[in-house]
Each structure stands twice: as structure tokens, then as C-alpha cells.
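Colleague: I should like to learn how to read the features of a structural model. May we take them one at a time?

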Amino acid sequence: MNRSEFEELEMQVQQSKLPLKLYLQQVGVSYSTYHYWRKKCTAAEKDSLKQELAPISFKHPTAEPTLGEQVPQGVALLFPNGLRAHFGSGSEKLLMELLTHSLESSHV
């Protein structure tokens, strides 16, 4: 079996609406082989996601906040998946050191 054959099998499993073990028995694929390929393909997807770097921008407010508008102090990182990480005022230097170190140690 190769990756494309596994992907085809995975699609057929989803379309069959049968329990996994029963479907695999019908097509002659062992349960352990199916899970080997599932784990292998999932790991490859995770590796490809690890290699993608998201752009990070640091913006200073361009206008004074209006009355009642609260502007958090510090640094906020907004990731492509919508996650926002906020680091309070005074953490800018430490955050830059951590980001620099993580980029230097990555194999991208």
C-alpha cells in the first residue's frame, strides 16, 4: 500500500457507513495495516504544519483611544487559526528573545 492507496481506502471507509473492522475485512486489509498508514499520514500532515511560519507584525496604535475604549498594553500575537496570545506590558524584550530563539532552533 502507498499513501494514495491509503487515502482512497480512507475515503471508501467514510462512504461505506460500515464499522471500520467490518469494512476492512470485506476489502482484505488488516486492521493493523490500516492504523499503520493512518498514523503515518497523520504524522506527515503534522510535520508539514510545523514547517509553516505565520507572519508576526507589531503595530503601534495610530490614534489615541476614544473615551471608553480600552487598549491593552503589551504585545498580542494573533495566529492564523484565530488564537490570540497577549503578553502584558514589560514583556516585550523577553518575548522577542523567545521568538528569536525559537526561530534559530527550528529546522525550517
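Colleague: Along strand 1 (residues 75-78), which side chains point to one face and are buried, and which point to the other and are not?

Modeller: This is a predicted model, in which local features need pLDDT of at least 70 and side-chain atom pairs count only at pLDDT 80 or more, while totals for chains, interfaces and linings use all residues. Residues are numbered from 1 along each chain as its sequence is written, and side-chain values use heavy atoms, with hydrogens and water left out. In a regular strand the side chains alternate between the two faces of the sheet. Here Val75 and Leu77 point to one face and are buried, whereas Ala76 and Leu78 point to the other and are not. Buried means under 20% relative accessible area, exposed over 50%, and partly exposed in between (1.4 Å probe, protein chains only). Helices (H or I, at least four residues) and strands (E, at least two) are DSSP runs, numbered from the N terminus.

Colleague: How many bridges join strand 1 to strand 2 (residues 84-87)?

Modeller: Two strands pair if DSSP finds at least two bridges between them. In this model 4 bridges join the two strands, which run antiparallel. Leu77 stands opposite Ala85 of strand 2. The hairpin has 5 residues between its strands, and Gly82 takes a positive phi near 95° there.

Colleague: Where do the buried residues of helix 1 lie, seen down the axis of the helix?

Modeller: An α-helix has 3.6 residues a turn, so residues three or four places apart point the same way. The buried residues of helix 1 are Phe6, Leu9 and Val13. Seen down the axis of helix 1, they fall within an arc of 60° and so line one face of the helix; the arc is that of the directions from the helix axis to the C-beta atoms. The face turned away from this buried side carries the exposed residues Gln14 and Gln15.

Colleague: What sign does phi take at Lys17, just after helix 1?

Modeller: Most residues other than glycine have a negative phi. Lys17, in the loop between helix 1 and helix 2, has a phi near 65°, a positive value in a residue other than glycine. Lys17 counts as exposed because its relative accessibility is 72%.

Colleague: Which residues form the largest nonpolar core?

Modeller: A nonpolar core is a set of buried Ala, Val, Leu, Ile, Met, Phe, Trp, Tyr and Cys residues joined through side-chain atoms within 4.5 Å. The largest has 9 residues: Phe6, Leu9, Val13, Tyr23, Leu24, Val29, Tyr34, Trp37 and Cys41. Helix 1, helix 2 (20-27) and helix 3 (31-50) each supply at least two residues of this core. A second, separate core of 5 residues includes Val75, Leu77, Ala85 and Leu99.

Colleague: Is Leu24 buried or exposed, and which residues is Leu24 in contact with, leaving aside its neighbours within four places in sequence?

Modeller: Leu24, in helix 2, counts as buried because its relative accessibility is 1%. Contact means heavy atoms within 4.5 Å. With neighbours within four places in sequence left aside, Leu24 is in contact with Leu9, Val29, Ser30, Tyr31 and Tyr34. The C-alpha atoms of Leu24 and Val13 are separated by 8.0 Å, and these residues are 11 apart along the chain.

Colleague: What pattern does the chain follow, read along the sequence?

Modeller: The pattern is α-α-α-β-β-α, with 4 helices and 2 strands in the chain. Buried residues make up 14% of its 108 residues.
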